[in-house]
Amino acid sequence: MSAPILQLEGLQMAFGELQVLRGVDLTVREGESVAIIGPSGSGKSTLLRCLNRLETPTGGKVTFEGKPITESSNVNHLRMRMGMVFQHFNLFPHMTALGNVIEAPIHVLKMSRADAEARGRDLLGKVGLLEKAGNYPRQLSGGQKQRVAIARCLAMNPRLLLLDEITSALDPELVGEVLDVVRDLARQGMTMMLVTHEMRFAREVADRVVFMDGGVVVEAGPPEEIFTRPESPRLQKFLKAVLEQVSET
């Protein structure tokens, strides 16, 4: 079994009186794909934001690559190692697709422009967008923008990829092209944590599925167990509601 790359112990997050995370314990191993599912408001996205310090946890401990993440940790170095892709792309509108991908490698990793462009074109090719290298975000579909955002994140060679509802802002017909990219990354052994409402995708791609509700991990296990033999009443109720919703569409 591979070594843990990330360990959470009693992670807590409160916004004033609102306790969003109530003590999350979780381990992610090298090369593992972990899907996080659960109802809206269960703390899934807040969990990811706490990991790369977009939010500062109010309690508990996070250990990444064997070192504790604290308030004094180098946040920029952390975010190089733990890349995050968001719902809404966050591309620079004044830069081409290639420009977006090479910006951080040049300015943060101090890579030469020639090397950065070569790698950027390779990554755009991997997400099926090499022919769009010279296009600006306004010239791309939502699915294409999200694939550029994934390529931009991969350009920093992260050890762990955090994917936060990356298909939720997309039209239904564009979801598949983004999920295909993530599916390929999983096959290649990329370590990932993905918050998703796509249950079929979570079942197919994840090595482990984590069900959160009320700011805690209620149940976790292999996809087959979570989806076919859920133990907790809360997970059973959630899956029943999700499946009914899918059958109605």
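Strand 1 and strand 2 pair in the antiparallel sense over nine bridges, where strands, like helices, are DSSP runs numbered from the N terminus (E and at least two residues for a strand, H or I and at least four residues for a helix), and two strands pair if DSSP finds at least two bridges between them. Within this pairing, L8 has L26 in strand 2 as its bridge partner. The hairpin that the two strands make has two residues between the strands, and G16 takes a positive phi near 65° there. This is a predicted model, in which local features need pLDDT of at least 70 and side-chain atom pairs count only at pLDDT 80 or more, while totals for chains, interfaces and linings use all residues. Residues are numbered from 1 along each chain as its sequence is written, and side-chain values use heavy atoms, with hydrogens and water left out.

The hairpin belongs to an open sheet of four strands, in the order 2-1-4-5, with antiparallel pairing. Its edge strands are strand 2 (18–29) and strand 5 (67–69), each of which pairs on one side only. From one strand to the next, the twist averages 25°. At the strand 5 side, strand 4 (residues 59–64) and strand 5 pair in the antiparallel sense over three bridges, and F64 has K67 in strand 5 as its bridge partner. Helix 1 (residues 44–51) lies across strand 1 (4–15), strand 2, strand 4 and strand 5, and runs at about 115° to strand 1; such angles run from 0 to 180 degrees between N-to-C directions, with axes that are lines fitted to C-alpha atoms, for helices over the stretch in contact.

We can now turn to the cysteines. A disulfide is a covalent bond between the sulfur atoms of two cysteines, and here it is counted when a pair of cysteine sulfur atoms lies within 2.5 Å. The structure holds zero disulfides. C50 is in no disulfide, and the nearest cysteine sulfur, that of C153, is 18 Å away, which is too far for a bond. C50 counts as buried because its relative accessibility is 0%, and C153 counts as buried because its value is 10%; buried means under 20% relative accessible area, exposed means over 50%, and partly exposed lies in between (1.4 Å probe, protein chains only).

In soluble globular proteins, nonpolar side chains tend to be buried together. A nonpolar core is a set of buried Ala, Val, Leu, Ile, Met, Phe, Trp, Tyr and Cys residues joined through side-chain atoms within 4.5 Å. The largest nonpolar core here has 52 residues, of which L124, I150, L161 and M192 touch the most other members. Helix 6 (residues 172–187) gives the largest share of this core, eight residues. Leaving aside residues up to four places away in sequence, I150 touches V85, I166, V178, V181, V182 and L185, where contact means heavy atoms within 4.5 Å. A second, separate core of 27 residues includes M13, F64, M84 and M193.

Helix 3 is mostly covered, since eight of its 11 residues are buried, and these buried residues pack against helix 4 (113–126) and helix 5 (142–154). One of the buried residues of helix 3 is I102, which counts as buried because its relative accessibility is 5%. Not counting residues up to four places away in sequence, I102 touches R113, A116, E117 and G120. The C-alpha atoms of I102 and S42 are separated by 35 Å, and the two residues are 60 residues apart along the chain. By contrast with I102, H88 is exposed, because its relative accessible area is 52%, and its place is in the loop between strand 6 (82–85) and helix 3 (97–107). H88 and R113 are 27 Å apart in space, C-alpha to C-alpha, and 25 residues apart in sequence.

The last feature concerns aromatic rings. A pair of aromatic rings is described by the distance of the centres and the angle of the planes. Rings of Phe, Tyr and Trp (its six-membered ring) pair if their centres lie within 6.5 Å, and planes under 30 degrees apart count as stacked, over 60 as edge-to-face and the rest as tilted. The structure holds one aromatic pair. F211 and F238 form this pair, which is tilted, with 5.2 Å centre to centre and 35° between the planes. The pair links distant parts of the chain, with F211 in strand 9 (residues 208–213) and F238 in helix 9 (residues 233–248), 27 residues apart. Both F211 and F238 are buried.
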